[in-house]
Amino acid sequence: MITRREYLKQTALAGCGLALTRATAAEPNAQIEGRGSLKAHAHKRGLLAGCAVSAANLHEDAFTRVLAEQYDLVVAENAMKFGPIQPKPDSYFFDDADALVAFAERHKMKVRGHNFVWHEQLPAWFAGTATKENARKILTDHIMTVASRYKGKIQSWDVVNEAINVSDGRSDSLRKSPWLELMGPEYLAVAYRTARQADPKAKLTYNEYGIENESEDDARKRAATLELLKRLKAAGVPLDALGIQSHISAGKGQTFGKGLRELIDGAQSLGLEVYLTELDVNDDAVENNDIAACDQIVAGMYRDYLSVALENKAVKAVLTWGMTDAHTWLNGIKSHKEKQPNRPQRPLPFDAEYKPAPAFFALRDALDHAPRR
Ligand code: XIL
């Protein structure tokens, strides 16, 4: 165990690209089960440790064993999204989402709901069916149906996902999404009010990406996000939490600090909780092809990011977007196929053989160094 001061020093050095090899692999053979698990370490600090799960993963013994051992919070990677869960205007497909919720209940885990309103993964029927006249009914029917089915079983719902896109050029920075085109900015309030009505106990979350690092782009988007949260709160919209997706990249010089702190402080002063909802580290830009070296760099990013992101007690949960490098969405994205087709990504706490990666130990250390909630 290293002291907090030593840890912060290492974190600072890692941020300058130095000292990438120490501490992440601290005691790599130490026990990682039971009291050594992520959820046990998180629990000691009053945090939840979670990850995204796809329906297919639940048929894999190795996956479910590690999942139940390590985590106390799950989120469906796709199963609760609009397209997958409402594939036809009048029929829903609940099997995958039901299976995840049942798994979580069996293992005494909490569940995040993801998501009701997003510009992506809308069903194929949406474009030809939704109009300015019926969009509100489509949205409220969808939310009432899905949120009511899992009522009382969801820790938090991502009601709206990724509503900001500064480069769309609007003064309110809202993304020109199908929902905005059909309903105007009111779609947000409608969605939150409907979700509150359907499942009053779920914490209603606004989830966003590209708001983590110190770059100008992220700073602009952070400011727009805080403005949106302020507007919603001022209008009395039921909103309980900010989700910071936390898709970060290694090898691009990303740094984390003042901006991220101000975002979390800002959310806190609006009375919101904060969740780190989709943490992973894209390693495509890492020049070093040596796997062990690359893993240390990825772990360094976990440490750099979390040493700032977990400082504030308003942050109550950290989830990675996936659990093992065997199943990560990053291997499917276009930029990866173009840039590193021959080098699979290694963004998650467990490697493709389900062994804890340096990122696991970096995450666990960061939990240990977070102030107690
Ligand atoms: C991703 C899933 O991981 C993929 O399987 C799917 O093809 C596309 O969506 N931000 C989000 C998540 O909020 O819903 C996205 O999940 C990743 C980016």
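**A tour of the rings and the ligand site**

Begin by selecting Phe-82, Trp-125, Phe-126 and Trp-179, which ring pairs link into a cluster; keep in mind throughout that the model on the screen is predicted.

Widening the selection to every Phe, Tyr and Trp ring, a search of the whole structure finds 11 aromatic pairs. One of them to pick out next is Tyr-92 with Phe-94, a stacked pair whose centres are 5.4 Å apart and whose planes make an angle of 10°. How buried or exposed are the two partners of this pair? Phe-94 is buried, because its relative accessible area of 13% falls under the 20% cut-off, whereas Tyr-92 is partly exposed, with a relative accessible area of 24%.

Now select the ligand, which takes up the space of the largest pocket, and show the residues around it. There are 13 residues surrounding the ligand, and the closest are Glu-77, Lys-81, His-114, Glu-278 and Trp-321. Colouring this shell by residue class divides it into 3 nonpolar, 6 polar and 4 charged residues.

Which side chains place an N or O atom by the ligand's own polar atoms? Turn to Glu-278, where an N or O atom of the side chain is 2.9 Å from an oxygen atom of the ligand, and then to Glu-162, where an N or O atom of the side chain is 3.3 Å from a nitrogen atom of the ligand. A further stop is Gln-121, with a polar side-chain atom that lies 3.2 Å from a ligand oxygen atom. To finish, display the surface of the ligand: on its own the ligand has 420 Å² of accessible area, of which the protein covers 79%.

Methods:
Residues are numbered from 1 along each chain as its sequence is written. This is a predicted model: local features need pLDDT of at least 70, side-chain atom pairs count only at pLDDT 80 or more; totals for chains, interfaces and linings use all residues. Side-chain values use heavy atoms; hydrogens and water are left out. A residue is near a molecule or strand if one of its heavy atoms lies within 4 Å of it. A polar contact is a pair of N or O atoms within 3.5 Å; within protein, one must be able to donate a hydrogen and the other to accept it, and residues adjacent in sequence count only if both atoms are side-chain atoms. Accessible areas come from the Shrake-Rupley method with a 1.4 Å probe; for residues, only the protein chains shown count as cover. On a 1 Å grid over the protein atoms alone, a cavity is a set of points where a 1.4 Å probe fits but cannot get out, and a pocket is an open set with protein on both sides within 12 Å along at least five of seven lines; lining residues have an atom within 4 Å of a point. A molecule sits in a cavity or pocket if more than half of its atoms lie within 2 Å of its grid points. Ala, Val, Leu, Ile, Met, Phe, Trp, Tyr, Cys and Pro count as nonpolar, Asp, Glu, Lys and Arg as charged, and the others, Gly among them, as polar. Rings of Phe, Tyr and Trp (its six-membered ring) pair if their centres lie within 6.5 Å; planes under 30 degrees apart count as stacked, over 60 as edge-to-face and the rest as tilted. Buried means under 20% relative accessible area, exposed over 50%, partly exposed in between (1.4 Å probe, protein chains only).
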